Number of protein chains: 2
Amino acid sequence: MSGAEAPRRPTIYDVAAAAGVSKSLVSLVLRGSPSVSEARRAAVLDAMARLDYRPSQAAAALAGARTRTIGVVLDDFRNLWFVGLLRGLQEGLSAHGFRIAVADGTLNAHVEASPLDGFLSMRVDGLVIATEPTPAMRVPAGLPVVVAGSRRGEVPGADVVANDDRLGGRLATDHLLELGHRRIGHLTGDGGAAQLRAEGFRESLLAAGLRAPVVRGEGSTTEEDGYRAALRLLGEAPGTTALFAANDTMAMGALAAARERGLRVPEDLSVIGYDDSPIAATHLLRLTTVDGRNAEVGAAAAERLVARTATEPSEPVRTALLTPRLVPRSSCAGPRDG
Amino acid sequence: MSGAEAPRRPTIYDVAAAAGVSKSLVSLVLRGSPSVSEARRAAVLDAMARLDYRPSQAAAALAGARTRTIGVVLDDFRNLWFVGLLRGLQEGLSAHGFRIAVADGTLNAHVEASPLDGFLSMRVDGLVIATEPTPAMRVPAGLPVVVAGSRRGEVPGADVVANDDRLGGRLATDHLLELGHRRIGHLTGDGGAAQLRAEGFRESLLAAGLRAPVVRGEGSTTEEDGYRAALRLLGEAPGTTALFAANDTMAMGALAAARERGLRVPEDLSVIGYDDSPIAATHLLRLTTVDGRNAEVGAAAAERLVARTATEPSEPVRTALLTPRLVPRSSCAGPRDG
């Protein structure tokens with residue numbers, strides 16, 4: 001408090017005084033609490049900017065000892081694309097003494113506005129968002145956050161480590177085109193990843209000079225959705241010789257639809273999925289698919305998180321896109337009349 | 001400290017004094033820390049017993065504010081039996097304002113001796129153990145813990161809410177017997193749940209007066225294990241007309257093995273699984289299976305946890321076994337020569 005003291009970093013008290021609010025309210029803003037009004041949040045963020053306040057250290061001090069745990073928010077446990085991501089995260093994080101805890105966004109939806117809130121109260125050292133980001137996902141200043149897997153919605157302040165879904169959509173479609181298919185349908189659904197894959201599909205078909213393809217989306221991307229969408233698509237376009245499904249789970253449903261219509265795979269109908277999930281690799285499916293390299297995405301996300309915990313939060317956010325690759329198995333072949 | 005004060009409950013300080021250790025060490029014992037020697041742990045537990053110390057309140061006070069989160073430890077994310085369990089837990093817990101965080105025991109194995117340690121440092125309000133318990137799983141006194149899904153190894157101090165796997169094994173086998181099958185094989189693997197199901201299988205066959213059946217276990221219970229075990233079993237006992245797999249994931253591998261040997265399901269070979277997982281219900285598999293009623297198991301486990309958080313930890317532990325039920329779909333029929 002003496003005028004003779006050395007220049008020092010601003011504290012949370014300085015921010016509170018400059019913003020005309022209490023220290024507790026600054027703390028709430030730091031934690032990303034949804035209970036703070038937008039006006040007061042803006043005042044606090046403005047004070048932080050004016051004072052060049054570095055929230056990471058104060059946030060850590062406020063939260064007390066950290067847990068060396070990274071929280072991972074997934075979309076749906078039934079869609080197994082995340083298994084590789086978790087393996088990559090675990091391998092990358094365990095070398096630095098971090099562990100992983102997982103939450104299914106849908107599962108906790110009744111309890112809290114954002115599935116992030118639970119992890120924040122559990123004092124995680126960082127977050128991985130591997131689901132569709134929502135506006136309710138407020139990230140506290142200074143907490144390392146990575147959006148991983150697909151480049152979907154934006155989360156301000158979060159790094160992105162993803163596979164290039166649009167390119168993957170092109171890879172899948174080009175594979176079918178190279179096999180000689182010209183009547184190709186696409187099964188898609190809601191969500192940013194599915195939309196990017198559908199864009200890649202359209203790009204490849206346009207580049208091949210083919211007319212607008214049949215694209216079927218019925219909502220979500222479950223096996224049931226894939227089954228229903230494939231039945232409708234094959235009914236509306238019976239000459240279709242190949243299907244590209246937005247993920248392996250939908251492709252599984254497409255295989256069931258093909259069987260129900262008496263179509264052999266791959267002799268009468270080729271089916272390609274996306275994700276290279278454990279289901280695709282089973283002996284039963286042997287599904288040709290696109291590998292989003294989720295283990296490598298997880299490892300890279302782990303690296304970003306570890307780097308973030310050691311650096312200033314003011315470092316600009318980065319987006320890293322990994323190149324997906326085709327995994328040919330037994331569910332695709334040339335068309336019979338091709 | 002005055003001799004005139006009213007009788008009061010013993011505190012952590014009383015326990016520390018009686019055991020001749022520090023308060024911090026009592027706290028470590030309460031948290032189940034593995035860093036305490038067995039001798040000192042025994043001295044603390046002995047002092048607690050002599051003083052009739054009730055650790056739950058003190059443990060809660062020590063840990064400070066709780067997180068209203070229940071930690072769930074799973075065995076393997078690829079085996080989807082747990083999806084119903086999580087749904088039941090979520091529905092039961094959210095009504096009381098609790099959320100769920102999940103860890104895969106295998107995934108965090110490199111980071112800590114026990115996957116419980118992570119959740120403990122995250123100050124969970126309770127634990128669900130839905131994996132094979134290990135001796136490293138030390139449960140802190142006063143923390144509500146439920147072993148859920150299958151009655152596998154013992155966790156001292158934990159309640160058990162499970163499906164009756166032995167009875168389920170009988171249900172599956174009796175279904176095949178009632179369809180007329182007499183040459184039935186079983187695909188099994190490591191783990192307490194698989195062992196109980198195999199016991200049920202043997203009991204039913206013995207009760208039917210059939211000789212010792214072919215049972216194949218190759219280690220774990222993945223799709224790959226089911227595929228390999230089924231191929232070997234069908235090679236060694238080519239007259240087999242029905243297979244009971246220890247879970248739906250192994251059954252999926254058995255379906256692939258049947259196809260590879262040119263056997264139609266169910267015309268040439270009936271296949272029954274266990275768990276009624278999302279995979280069994282797919283249009284592609286339509287797998288006859290045994291429903292362990294995991295959503296109800298989850299709801300009952302949630303009820304036990306909520307009750308435990310409101311009662312004294314001295315209440316004796318309980319075991320509740322739910323009766324599984326058969327789910328007939330399209331993968332079983334009578335034998336062709338039956």
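1. Terms first. Helices here are DSSP runs of H or I with at least four residues, strands are runs of E with at least two, and both are numbered from the N terminus. With that, P266(A) can be placed in the loop between helix 10 (248-260) and strand 9 (270-272) of chain A. Keep in mind throughout that this is a predicted model.

2. The cis bond in chain A. V265(A) and P266(A) are joined by a cis peptide bond. Its omega is about 10 degrees. Look for the bond by following chain A out of helix 10: P266(A) sits in the loop that leads from there to strand 9.

3. The cis bond in chain B. Here a cis peptide bond joins V265(B) and P266(B), with omega about 10 degrees. P266(B) belongs to the loop between helix 10 and strand 9 (270-272) of chain B.

4. Chain A as a whole. Count 11 helices and 12 strands in chain A. The chain has 338 residues, and 56% of them count as buried. Now take its contacts with a separation of 6 or more. Residues 24 or more positions apart account for 73% of these.

5. A sheet in chain A. Four strands of chain A form an open sheet. Their order is 7-6-8-9, and the pairing is parallel. Which strands stand at the edges? They are strand 7 (215-217) and strand 9 of chain A. Each has a single partner strand, so one side of each is left without a neighbour in the sheet. From one strand to the next, the twist averages 20 degrees.

6. One pair up close. Strand 8 (residues 242-245) and strand 9 of chain A run parallel and are joined by three bridges. F244(A) has I272(A), in strand 9 of chain A, as its bridge partner.

7. Helices on the sheet. Helix 10 of chain A packs on the sheet and touches strand 6, strand 8 and strand 9 of chain A. The direction of helix 10 makes about 165 degrees with that of strand 9 of chain A. Helix 8 (residues 192-207) of chain A lies across strand 6 (184-188), strand 7 and strand 8 of chain A. Helix 8 runs at about 165 degrees to strand 6 of chain A.

8. A helix pair in chain A. Helix 5 (residues 82-94) and helix 11 (residues 294-310) of chain A pack at an angle of about 35 degrees. Their axes are 6 Å apart. The crossing of these two helices of chain A is right-handed. On helix 5 of chain A, the residues in contact include G84(A), L85(A) and G88(A). On helix 11 of chain A, they include A295(A), G298(A) and A302(A). By class, this contact has nine nonpolar, five polar and four charged residues.

9. The helix pair in chain B. Helix 5 and helix 11 (residues 294-310) of chain B cross at roughly 35 degrees, and their axes come within 6 Å. This crossing in chain B is right-handed. Among the residues that make the contact are L89(B) of helix 5 and A299(B) of helix 11 of chain B. The classes are nine nonpolar, five polar and four charged residues.

10. Two loop residues to check. R286(A) is not a glycine, although it has a positive phi of about 45 degrees. R286(A) lies in the loop between strand 9 and strand 10 (289-291) of chain A. D276(B) is not a glycine either, and its positive phi is about 50 degrees. D276(B) is in the loop between strand 9 and strand 10 (289-291) of chain B. Are these residues buried or exposed? R286(A) has 14 other C-beta atoms within 10 Å and is partly exposed. D276(B) has 25 within 10 Å and is buried. The cut-off for buried is 20 or more.

11. Where the chains touch. Chain A and chain B each give 35 residues to the contact. On the side of chain B that touches chain A, helix 5 (82-94), strand 2 (99-104), helix 6 (115-121), helix 9 (223-236) and helix 10 (248-260) of chain B each supply at least two residues. The largest share, six residues, comes from strand 2 of chain B. By class, that side of chain B has 17 nonpolar, 12 polar and six charged residues.

12. How the copies are related. A turn of 180 degrees, with a shift of 0.0 Å along the axis, lays chain B on chain A with an RMSD of 0.2 Å. That is the relation of a two-fold axis. Of the interface residues of chain B, 100% are also interface residues in chain A, so the copies meet through the same surface.

Conventions. Residues are numbered from 1 along each chain as its sequence is written. Chains are lettered from A and ligands numbered from 1 in the order in which they are written. This is a predicted model: local features need pLDDT of at least 70, side-chain atom pairs count only at pLDDT 80 or more; totals for chains, interfaces and linings use all residues. A residue is buried if 20 or more other C-beta atoms lie within 10 Å of its own, exposed if 12 or fewer, and partly exposed in between; C-beta atoms are placed from the backbone. Two residues are in contact if their C-beta atoms, placed from the backbone, lie within 7 Å. Ala, Val, Leu, Ile, Met, Phe, Trp, Tyr, Cys and Pro count as nonpolar, Asp, Glu, Lys and Arg as charged, and the others, Gly among them, as polar. Copies are superposed by least squares on the C-alpha atoms of residues with pLDDT of at least 70 in both. Axes are lines fitted to C-alpha atoms, for helices over the stretch in contact, and angles run from 0 to 180 degrees between N-to-C directions. A crossing is left-handed if the near helix is turned anticlockwise from the far one by less than a right angle, and right-handed if clockwise. Two strands pair if DSSP finds at least two bridges between them.
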